[in-house]
Amino acid sequence: MIDINAYAGPWPFRALPASAPSEVADVLQAAGIARALVSPLEALFFEDPRVANERLAARLQPEGTLLLCAVVNPRLANWRPVLTTARESLGARAIKLHPGYHLYELDSPAARECLAAAGEAGLPVIIQLRMQDARAQHPLCRIPDVPAAAALEAARSAPGAQVVLGGIRFAEARGQGDAIRALANVWVDLSQVEYVDGMRQVIQAVGSDRLLLGTHAPLFNVRSALLKLDEGLLSDAERAAITRENARRLLRV
Amino acid sequence: MIYDIHVHVGSAVRRFDGSAGEAAEEMMARARLHGIERQCISSLLNPGNLAYPSLEQVRQGNDHALSLAAAYPRHYLPFCYLNPRHERAALDELHRCSDRGVVGIKLLVSCKASDPLVDPILERAAALRLPVLQHAWNKTVGQREHESTSADVAEAGRRHPGTHLIMAHLMGAGYRGVLDIAPMPNVHVDLSGGEPETGIVEYAVRHLGAERVLFGSDAPGRSYGVQLGKVLGADLTPGQRDLILWGNAERILRL
């Protein structure tokens, strides 16, 4: 299996049981996940996420379970060299945007240019809509969710970019199903999709060819991500697509 | 056999394929995929999540939960929903439902748990030996006017040491919630709702003991599998896991 949306590093609001890269890799491997796209949690809070990307890249094993997903902040003057360095020096397989944490709009010129540049570089872009339930955020650290519609509009504006909607919720994915289907460059991370019949209804709305297993580890329990799949009563073809083949094509692994 | 202590039913829970009718059988089948063989249900019928239901709405909802339990007696266990603002009529409704076999009481957001209006219900619950599942959440945004926090539940537990209180939503109450209820041995916590965050189940077990932690999903708004993953993926001993998944429920529900 391939996990499209994992993290490593400390989280400032609670102690994570396994957050070092090697620990995250062990947890994922134990769950049967062979490869995972991992980005640094520190990058949400560091003023320059490049530092966090470099620190994480230095701790990843060559040919190991974890593949770097570099965080880029288009609001900073250095976003172009950060993107280039991530691909050419750090071995990043994708980039991640955190508009909510880095305080920019997805329709800003820099964000649009960043998406286009990532497309030209062949790096998929995860647009992370949220990291946690807003109700559970620290009272002094209220980070707004990124509207799914804004991420879809950004994807529409950059058809050369491959966009993953990270942390999208069930109602958003189902509600935006037609829009997602209409855009050939959009995929859905399942890490925060939840409803009692959520998997089946999202497959119906979006199609299994657009869905990607995501765990949100080490913030979320990996077991939950896998039991969610079981509850979807997936066919073998659907399971293969969602847990492996879609990500393999996207990441070229 | 796993017990899910926190499930909602109602005609608002439509069949998964969108056809007419309630998804009671489908929810049963999905739960059973994970070994959940008993679901404790409460109902506010339709629209399902009323903050201040009328007495008539409460009665209809309870009749609905009781009818499902009668139709599937080996699976659904009915809880009696009450609105403490109905005062004497709420107690009458409790007795009506108790006579018909409810195994617990559900309180939502019509009244804070620490409000004196709730005291008669908690007293009667102890007399009837029925546990009280009390919604609670410590919200950064969106706290409702009469929505209980963990401090409210702790205060209710302190005033009624003979009543089994189950504070719903560990992830909503958070670490602060665990610390609030820790001194009250009659107050338990369920794991339902919220995200499957790592570490917090172990924290609750460390500070409350596994004897005070119960599995719940908050289905259908939540997935049985995602919520169960909180327990199966946590760093627990087999004994602790068994208590959380079924042992505590059987003891508290006296089954």
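This is a short tour of a predicted model, going from a sheet in chain B to the contact between the chains and then to one cysteine in chain A.

Before selecting anything, note that residues are numbered from 1 along each chain as its sequence is written, and that chains are lettered from A and ligands numbered from 1 in the order in which they are written. In this predicted model local features need pLDDT of at least 70, side-chain atom pairs count only at pLDDT 80 or more, and totals for chains, interfaces and linings use all residues, while side-chain values use heavy atoms, with hydrogens and water left out.

**Stop 1: the sheet of chain B**

Show chain B as a cartoon. Its eight strands form an open sheet with parallel pairing, in the order S1-S2-S3-S4-S5-S6-S7-S8. Strands are DSSP runs of E, at least two residues, and helices are runs of H or I, at least four residues, both numbered from the N terminus; two strands pair if DSSP finds at least two bridges between them. The edges are S1 (2-9) and S8 (213-214) of chain B, each pairing on one side only.

Next select 36-43 and 76-81 of chain B. These are S2 and S3, which run parallel and are joined by three bridges. B:Gln39 has B:Tyr76 of S3(B) as its bridge partner.

**Stop 2: helices over the sheet**

Select 55-71 of chain B. This is H2, which lies across S1, S2 and S3 of chain B at about 165° to S3(B). Axes are lines fitted to C-alpha atoms, for helices over the stretch in contact, with angles from 0 to 180 degrees between N-to-C directions. Contact means heavy atoms within 4.5 Å.

Now add H5 (150-159) and H6 (170-181) of chain B. Their axes are 9 Å apart and at an angle of about 15°. H5(B) and H6(B) are therefore roughly parallel to each other, the term for angles under 35 degrees. B:Ser150, B:Ala151 and B:Ala154 of H5(B) meet B:Ala173, B:Arg176, B:Gly177, B:Asp180 and B:Ile181 of H6(B).

**Stop 3: between the chains**

Show both chains. The contact takes 30 residues from chain A and 31 from chain B. About 2700 Å² is buried between them, 54% of it from carbon and sulfur atoms; buried area is the accessible area (1.4 Å probe) that two parts lose on being put together, summed over both. On chain A, select A:Arg135, A:Glu194 and A:Val196, which lose the most area to chain B, together 27% of what that side buries.

**Stop 4: A:Cys141**

Which loop holds A:Cys141? A:Cys141 lies in the one between S5 (125-128) and H6 (148-157) of chain A. Leaving out residues up to four places away in sequence, A:Cys141 touches A:Phe13 and A:Phe45.

Terms used: Parallel < 35°, antiparallel > 145°, perpendicular 65-115°, else oblique.
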